[in-house]
Amino acid sequence: MAVYNGSPELLIVMGPGATLEQTEHVVARLEEAGAQARVSAGREVTVIGAIGERERLAALPIEGYSGVEQVLPLLKPYKLVARELNPDATVIEVAGRRIGDSYFGLIAGPCTVEYREQTLETARAVASAGATMLRGGAFKPRTSPYTFQGLGVEALEVLREAREETGLPIVTELMDPRHVEDVVETADVIQIGARNMQNFLLLAEVGRVDKPVLLKRGPSASVEELLMAAEYVAKEGNDRIILCERGIKTFETTTRYTLDLGSVAVLKEETHLPVIVDPSHAAGRRQLVLPFSRAAAAVGADGIIVEVHPRPEEALCDGPQQLPAAEFAQFADEIRHIAALMGREIG
Ligand code: PEP
Ligand code: MN
């Protein structure tokens with residue numbers, strides 16, 4: 001994973017017939033000028049992001065190099081995650097499961113790992129219904145310090161057992177840089193929760209890790225702030241990032257948060273990263289989870305992350321919004337159909 005110092009200033013678009021040698025030549029000239037180059041070889045064209053001092057870059061006769069079609073300034077504040085720099089959609093693969101482009105991720109599992117059987121029962125149910133990954137919180141960000149805070153490392157052990165039994169990769173949240181080693185050892189995808197979206201030290205920490213990151217939008221964060229948060233991760237070298245819309249704070253009180261599906265469409269324009277939706281935390285009650293999920297698939301999301309519990313009425317956290325495990329198979333079938341209409345298969 002390359003670490004980028006400074007922000008890309010220029011986008012160099014190679015012509016459709018440009019050769020590898022021509023691209024390498026441009027990269028070599030950039031490096032001679034003290035700049036870094038980020039090459040993305042897309043299906044249609046190759047683009048090079050030039051990272052370096054604006055003045056030194058401006059002095060290079062880049063437009064004259066053979067194979068170069070166009071040199072454009074990179075105007076957006078986010079660079080590495082911008083679609084401009086990487087026109088093809090990124091597909092993130094985890095243990096054979098894929099999210100992005102034509103693959104729709106179906107991530108499901110309990111809000112929180114409460115005890116072994118609760119998690120294993122859920123894992124079996126969602127695996128047999130075709131989920132692609134298992135979610136489950138070990139470290140929980142709770143509004144009240146007096147509520148259950150998660151089982152911590154003990155929960156990680158349960159999640160490993162669930163993975164062993166079902167084969168499902170694990171998505172679990174990292175809240176504290178002091179837990180990086182433990183969480184990274186178990187997680188296949190590291191979740192950064194909504195409340196930590198702008199915890200820049202934590203973002204940099206996961207940027208240095210060789211595991212994909214699921215970055216949730218803060219309830220009060222704009223789309224641009226979400227993209228800048230992703231940029232913090234990518235800047236450290238980890239560009240395997242999945243963005244997640246999970247609802248924002250508005251004046252509306254009939255749902256737990258307001259699910260901003262417009263953000264999904266905007267994000268799909270602005271970034272090459274996969275974008276998924278969490279209908280559960282947005283809805284706050286299970287009756288809304290299916291309609292929100294249908295809408296997410298229809299707006300072009302690359303997946304959903306849904307809370308499921310064997311007995312939601314007994315859940316220690318977020319009971320009202322968790323789908324009963326027994327109903328998950330039917331839910332998954334509905335989503336599979338809508339994803340198929342959008343040209344996607346469950347990855
Ligand atoms: C979660 O997914 O467990 C969670 C706490 O969600 P959020 O960070 O979106 O509130
Ligand atoms: Mn929850």
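D101 lies in the loop between β6 and β7, and it makes a handy way into this predicted model. Although D101 is not a glycine, its phi is positive, at about 60 degrees. At 30% relative accessibility it counts as partly exposed. A95 shows a positive phi too, near 45 degrees, and A95 is likewise a residue other than glycine. You'll find A95 in the loop between β5 (92–94) and β6 (97–99), and at 62% relative accessibility it counts as exposed.

**Strand β7 and its partners**

Step past D101 and you get to β7, which covers residues 103–109. Is this strand enclosed or open to the outside? Seven of its seven residues are buried, so β7 is largely enclosed by the rest of the structure. The burial holds on both faces: Y103, G105, I107 and G109 sit on one side, with F104, L106 and A108 on the other.

Which strands does β7 pair with? Here they are, with the bridge counts and one opposite pair for each.

| Partner of β7 | Bridges | Sense | Opposite pair |
|---|---|---|---|
| β14 (303–309) | five | parallel | I107 and I305 |
| β8 (133–135) | two | parallel | I107 and M133 |
| β16 (345–346) | two | parallel | Y103 and E345 |

I107 turns up twice there, facing I305 in β14 and M133 in β8. Y103, which has E345 of β16 opposite, also has a charged neighbour: R98 lies over the face of its ring, 4.1 Å from the ring centre. R246 does the like with Y257, again at 4.1 Å from the ring centre.

For an antiparallel case, look at β2 (residues 36–41) and β3 (residues 46–51), which are joined by six bridges. These two form a hairpin with four residues between them, and V39 has I48 of β3 as its bridge partner.

**The manganese site**

Which residues donate to the manganese ion, ligand 2? The protein donors are C111 through SG, H281 through NE2, E307 through OE and D318 through OD, at distances of 2.0 to 2.4 Å. Along the sequence their spacing reads C-x169-H-x25-E-x10-D. C111 is in the loop between β7 and α3 (116–128), while D318 is in the loop between β14 and β15 (323–324), so this pair ties together parts that are 207 residues apart in sequence. Both C111 and D318 are buried.

One of the donors, E307, has some company: its side chain makes a polar contact of 2.8 Å with the side chain of Q321. Q321 lies in the loop between β14 and β15, and with a relative accessible area of 1% it is buried.

**Around ligand 1**

Ligand 1 is surrounded by R135, K140, P141, Q191, G193, A194, R195, K216, R246 and H281. H281 is also a manganese donor, and R246 is the residue lying over the face of Y257.

Three of the short polar distances are worth a look if you're setting up contacts. An oxygen atom of ligand 1 is 2.8 Å from an N or O atom in the side chain of R135. The side chain of K216 likewise has an N or O atom 2.8 Å from an oxygen atom of the ligand. With A194 the backbone is involved: one of its polar backbone atoms is 2.8 Å from an oxygen atom of ligand 1.

**Aromatic pairs and a long separation**

How many aromatic pairs are there? The count comes to two. In one of them, F200 and Y232 have ring centres 4.4 Å apart and planes at 25 degrees, so the pair is stacked. This pair links distant parts of the chain, since F200 is in helix α6 (residues 200–207) and Y232 in helix α7 (residues 223–235), 32 residues apart. F200 is partly exposed at 34% relative accessibility, and Y232 is partly exposed at 39%.

Finally, there's T23, found in helix α1 (residues 20–32). Is T23 buried or exposed? It counts as buried, at 8% relative accessibility. Its C-alpha atom is separated by 36 Å from that of M197, 174 residues away along the chain.

Methods. Residues are numbered from 1 along each chain as its sequence is written. Chains are lettered from A and ligands numbered from 1 in the order in which they are written. This is a predicted model: local features need pLDDT of at least 70, side-chain atom pairs count only at pLDDT 80 or more; totals for chains, interfaces and linings use all residues. Side-chain values use heavy atoms; hydrogens and water are left out. Donors are N, O and S atoms within 2.8 Å of the metal (3.2 Å for Na, K and Ca); water is not among the atoms, so sites may look incomplete. Buried means under 20% relative accessible area, exposed over 50%, partly exposed in between (1.4 Å probe, protein chains only). Two strands pair if DSSP finds at least two bridges between them. Rings of Phe, Tyr and Trp (its six-membered ring) pair if their centres lie within 6.5 Å; planes under 30 degrees apart count as stacked, over 60 as edge-to-face and the rest as tilted. A charge sits over a ring if NZ of Lys or CZ of Arg is within 6 Å of the ring centre and within 35 degrees of the ring normal. A residue is near a molecule or strand if one of its heavy atoms lies within 4 Å of it. A polar contact is a pair of N or O atoms within 3.5 Å; within protein, one must be able to donate a hydrogen and the other to accept it, and residues adjacent in sequence count only if both atoms are side-chain atoms.
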